[in-house]
Amino acid sequence: MNGNKDLLVDRTSLIEKIYSIKQNAQKRRTNYREGQLNRPVSFWIKEDRLISEIGKDFTIILRTRGCSWALSEHGGCSMCGYYLDANKKDVSATQIINQFDHAFDDKINEITQDSNNFILKIFNSGSFLDEIEIPKNVRNYILEKISKVEKIKEIVIESRVEYITSEKLVEINQFLDNKHIEIAVGLETVNDYIRNCYINKGVLFKDFKNVLNLCKDHGVGVKVYLLFKPLFLNEQAAIDDCINSIQTLISLGVNSISINPMNIQKGTLVEQLWSQNRYKPPWFYSLFKCLKKSVNGKDLEKTRLLCDPSGAGTKRGIHNCLKRECESSAKERLKHFVLSQDLSELDRNGYECTCKKKYTLKKVFY
Ligand code: SF4
Ligand SMILES: [Zn+2]
């Protein structure tokens, strides 16, 4: 896989661990029924931050055969359990089109009648530009259909760097010349060692930078996912790594950064270590500290900083002390910051919990 030959570290034991956990989890899985393969995993509309305004997102999660990296002998990433959503066998082109059409037809009236502008996010728990997962004719069918909806101003698709080519960018531009496009890349961190030895991403920073430049040449935006608190980092190391990543990416001119605080997904090495009390998801306090230290108002005019954590406020997601008022207050502050891109929202009035003292006294830095 791209870039791996250049990574001069032995990751054999990490890969073996991830691989064996997956083999066990996969044994318990069955194939999805025909009816399920003609429906997306999920789709929804909700309030979201657009480039220069508050609007709405329309998100569609398609079910495919799954991420090629996760299915390879490399085992996939240490925190990723999306392979459990994938079908065990191939999902046909017609089935993927039916999934998209189902969500699209269900929501199109709501979109056209809404006064807000929309961002459409198409996720497939893998790479939209991997033609083994999403055949070219399906990709083009979807892009063409989107191009006709005036209300949809922005599109986000996801891809690993190795599938982003000049040829595909030209094609995407041909379909969507009237919309802002961002390709979301799971870089996780700018640090090659953490990304590959702790996360097992199999991607080098230099490969990402090449793709970023390629996208810039084609006028296509790049959104970067950063993983907040990868395995084997404590709270402070996670904060430092994320600050360094955000600042580096802003200086490189990426369009959006989306921070994904770790959430414990089923069937992953992260879940195994968490269940043995050898890993704990990050604190909201750490995330807020990281956000405030990484950027200022000027940076946020150039780069959109996003964060919509899965499992937030629960023991499997980012949380503070798990007291209801404490978690909902942290979630509210984060939501208001993301929507407004105003850092002062992270300090907005709300419930002040006694757990902050415990956190500040660094009794929690493991
Ligand atoms: S995080 Fe992305 S690249 Fe890694 S295994 Fe999951 S879907 Fe594949
Ligand atoms: Zn608390």
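## L322 and its loop

L322 is partly exposed, at 41% relative accessibility. The model described here is predicted. L322 sits in the loop between β8 and α13. Setting aside residues up to four places away in sequence, L322 touches G313, T314, K315 and E327.

L322 can also be placed against E131. The two are 191 residues apart in sequence. Their C-alpha atoms lie 42 Å apart in space.

## The zinc site

Which residues coordinate the zinc ion (ligand 2)? The SG atoms of C321, C326, C353 and C355 do, at 2.2 to 2.4 Å. The site is tetrahedral, with angles of 105 to 118° among the 4 donor atoms. For four tetrahedral donors the ideal angle is 109.5 degrees.

Along the chain, the donors of the zinc ion (ligand 2) follow the spacing C-x4-C-x26-C-x1-C. The pair C326 and C353 links distant parts of the chain, 27 residues apart. C326 belongs to helix α13 (residues 324-340), while C353 is in the loop between α13 and α14 (355-360). Both C326 and C353 are buried.

## Helix α13

α13 has 17 residues. From first C-alpha to last it reaches 24 Å, close to the 24 Å expected at 1.5 Å a residue. Just past the helix comes Q341, with a positive phi near 60°.

Which residues of α13 are buried? They are C326, E327, S329, A330, R333, L334, F337, V338 and L339. E327 in this list is also among the residues touched by L322. The cover over the buried residues of α13 includes strands β1 (42-49), β2 (54-61) and β8 (304-306). It also includes helices α11 (284-294), α12 (297-302) and α14.

## Helix α9

Helix α9 (residues 235-252) has 18 residues. Its span from first C-alpha to last is 26 Å, close to the 26 Å expected at 1.5 Å a residue. N234 caps the N-terminal end, with a side-chain oxygen 3.2 Å from the backbone nitrogen of Q236. Just after α9, G253 takes a positive phi of about 85°.

The buried residues of α9 are E235, A238, I239, D241, C242, I243, S245, I246, L249 and I250.

## Cysteines without partners

How many disulfides does the structure hold? The count is 0. A disulfide is a covalent bond between the sulfur atoms of two cysteines. C215 cannot form one because the closest cysteine sulfur, in C67, is 18 Å from its own, too far for a bond. C215 is buried, at 0% relative accessibility.

C307 is in no disulfide either. The nearest cysteine sulfur, that of C242, is 8.7 Å away. C307 counts as buried, at 7% relative accessibility. C242 is itself one of the buried residues of α9.

## The loop between β3 and α5

N124 is found in the loop between β3 and α5. S125 lies in the loop between β3 (118-123) and α5 (136-147). Are these residues buried or exposed? N124 is buried, with a relative accessible area of 1%. S125 is buried, with a relative accessible area of 16%, so it falls under the 20% cut-off.

The side chain of N124 reaches the backbone nitrogen of F128 at 3.5 Å. Leaving aside neighbours within four places in sequence, N124 is in contact with L62, T64, E133, I134 and E158. On the same basis, S125 is in contact with I61, C67, Y82, E133 and E158. E133 and E158 appear in both sets of contacts.

## Positive phi outside glycine

Most residues other than glycine have a negative phi. K229 departs from this, with a positive phi near 75°. K229 lies in the loop between β6 (221-228) and α9. Its relative accessible area is 1%, so K229 counts as buried.

N277 has a positive phi too, near 60°. N277 is found in the loop between α10 (269-275) and α11. At 71% relative accessibility, N277 counts as exposed.

How values were computed:
Residues numbered from 1 in each chain as written. Chains lettered and ligands numbered in written order. Predicted model: local features only at pLDDT ≥ 70, side-chain atom pairs only at ≥ 80, totals over all residues. Heavy atoms only, no water. Donors = N, O, S within 2.8 Å, 3.2 Å for Na, K, Ca; no water. Tetrahedral: all angles 85-135°; square planar, octahedral: opposite > 155°, others 65-115°. Helix = DSSP H or I, 4+ residues; strand = E, 2+ residues; numbered from the N terminus. Buried < 20%, exposed > 50% of the residue type's maximum accessible area, 1.4 Å probe, protein only. Expected span 1.5 Å × (residues − 1). Contact = heavy atoms within 4.5 Å. Polar contact = N/O pair within 3.5 Å; in protein donor to acceptor, adjacent residues only side chain to side chain. Disulfide = S-S within 2.5 Å.
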